[in-house]
Amino acid sequence: MRKSVLESGINCRRSARAAGWRLGALLLTVSLVVAGTGVAAQADYYSGGMPTRSFNYRTEGINDTWVGFYRDGNNRWNTSGARTSIGLNSGAAAWATAGNYSAAWWGLYTPYGIRGINRTFRIQQNARTLARDAGSNLAEWCRGNSVHELGHALSLADNPNTSRVTVMDQGVLASVRFPMAYDIEEVERIY
Ligand SMILES: [Zn+2]
């Protein structure tokens with residue numbers, strides 16, 4: 001089960017670092033393959049993202065508090081200077097939810113379809129692991145985790161090994177919960 005989850009999407013948690021290494025190697029391969037399409041081959045490019053930095057998604061099966069966490073995540077990107085336009089729209093194909101999953105991750109991003117043709121995505125946040133690990137700062141962690149998962153929709157890969165400060169390091173929810181300068185630069189480079 002865990003294995004199939006890892007193969008189908010991007011899981012985001014500190015303890016999953018070994019899996020992250022394998023995934024990172026895979027993503028590097030993918031980014032090299034797509035170099036011919038015009039996006040520079042860098043290890044932090046994630047081909048599972050959306051074809052533009054303007055997109056909507058819907059929320060499903062979550063209460064207003066969780067919807068607010070996603071909305072705050074959108075706003076953190078949209079006001080970051082990365083020139084994104086991310087919104088909630090009940091008619092969108094892409095969707096986001098939250099639940100108490102038995103899996104180890106805080107968040108899981110799963111792309112569907114083909115980039116540039118019919119790409120959509122699903123974001124899941126794990127209320128169980130977030131509540132366990134965030135302590136009294138749960139709301140902020142959920143907002144920061146929204147920013148991180150939306151980073152995948154913006155074609156940013158998990159990036160635990162860079163020396164730059166980035167919201168795409170899976171381990172930094174305790175300290176980084178907004179798009180950082182490096183994240184904004186990368187969105188500008190990709191789009
Ligand atoms: Zn991630």
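**Exercise 1. The chain as a whole**

How many helices and how many strands does the chain have? Determine also in which order they follow along the sequence, and what share of the residues counts as buried.

*Solution.* The model is a predicted one, and in it the chain has six helices and six strands. Reading along the sequence, one finds these elements in the pattern α-β-α-β-α-β-β-β-β-α-α-α. Of the 191 residues, 38% count as buried. To see how contacts are spread along the chain, take those between residues at least 6 apart in sequence: 66% of them join residues that are at least 24 apart.

**Exercise 2. Helix 5 by itself**

Work out what length helix 5 should span at 1.5 Å a residue, and set this beside the separation of its end C-alpha atoms. Then state how many of its residues are buried.

*Solution.* Helix 5 runs over residues 138–153. The expected span is 1.5 Å times one less than the number of residues, and for the 16 residues of helix 5 this comes to 22 Å. The end C-alpha atoms of helix 5 are 23 Å apart, which agrees with that expectation. As to its surroundings, helix 5 is mostly covered, since 13 of its 16 residues are buried.

**Exercise 3. Helix 3 against helix 5**

Describe how helix 3 packs on helix 5: at what angle, and with what distance between the axes? Name the residues that make the contact and sort them by class.

*Solution.* Two packed helices are described by the angle between their axes and the distance between the axes. Helix 3, residues 64–78, packs against helix 5 at an angle of about 60°, and the two axes are 8 Å apart. Because angles from 65 to 115 degrees count as roughly perpendicular and those under 35 as roughly parallel, helix 3 is oblique to helix 5. The crossing of helix 3 and helix 5 is right-handed. On the side of helix 3, the contact is made by Phe69, Tyr70, Asp72, Gly73, Asn74, Arg76 and Trp77, while helix 5 contributes Cys142, Arg143, Ser146, Val147 and Leu150. Sorted by class, this contact has six nonpolar, three polar and three charged residues.

**Exercise 4. Helix 4 against helix 5**

Repeat the analysis for helix 4 and helix 5: which angle and which axis distance describe their packing, and which classes of residue make up the contact?

*Solution.* Helix 4, residues 127–134, packs on helix 5 at an angle of about 130°, with the axes 9 Å apart. An angle has to be over 145 degrees to count as roughly antiparallel, and helix 4 and helix 5 are therefore oblique to each other. Their crossing is right-handed. The residues in contact are Leu130, Ala131 and Ala134 of helix 4 together with Leu138, Trp141, Cys142 and Asn145 of helix 5. By class, six of these are nonpolar and one is polar, with no charged residues. Cys142 of helix 5 is named in this contact, and Cys142 is also named in the contact with helix 3.

**Exercise 5. The residues that follow helix 5**

Where does Ser155 lie, is Ser155 buried or exposed, and which residues distant in sequence does Ser155 contact? Treat Leu156 in the same way.

*Solution.* Ser155 is placed in the loop between helix 5 and helix 6, the latter spanning residues 181–190. Just after helix 5, Ser155 takes a positive phi of about 70°, and Ser155 is a residue other than glycine. With 24 other C-beta atoms within 10 Å, Ser155 is buried, because 20 or more suffice for that class. Leaving aside neighbours within four places in sequence, Ser155 is in contact with Tyr45, Tyr46, Gly49 and Ile190. The C-alpha atoms of Ser155 and Tyr191 are 9.2 Å apart, although 36 residues separate the two in sequence.

Leu156 also lies in the loop between helix 5 and helix 6, and Leu156 is buried, with 24 other C-beta atoms within 10 Å. Not counting residues up to four places away in sequence, Leu156 touches Asp44, Tyr46, Gly151, Met168, Asp183 and Glu186. Between Leu156 and Tyr45, which are 111 residues apart along the chain, the C-alpha separation is 5.2 Å.

**Exercise 6. Two partly exposed residues**

Where is Arg83 found, and how many other C-beta atoms lie within 10 Å of Arg83? Do likewise for Trp66.

*Solution.* Arg83 is found in the loop between helix 3 and strand 3, which covers residues 85–88. Arg83 has 13 other C-beta atoms within 10 Å and is partly exposed, and its phi is positive, about 55°, although Arg83 is not a glycine. Trp66 lies in helix 3 and is partly exposed, with 19 other C-beta atoms within 10 Å. Trp66 and Ala96, 30 residues apart in sequence, are 9.9 Å apart in space, C-alpha to C-alpha.

Technical notes: Residues numbered from 1 in each chain as written. Predicted model: local features only at pLDDT ≥ 70, side-chain atom pairs only at ≥ 80, totals over all residues. Helix = DSSP H or I, 4+ residues; strand = E, 2+ residues; numbered from the N terminus. Buried ≥ 20, exposed ≤ 12 C-beta atoms within 10 Å, placed from the backbone. Contact = placed C-beta atoms within 7 Å. Axes fitted to C-alpha atoms, helices over the stretch in contact; angles between N-to-C directions. Left-handed = near helix turned anticlockwise from the far one by under 90°. Nonpolar A, V, L, I, M, F, W, Y, C, P; charged D, E, K, R; others polar.
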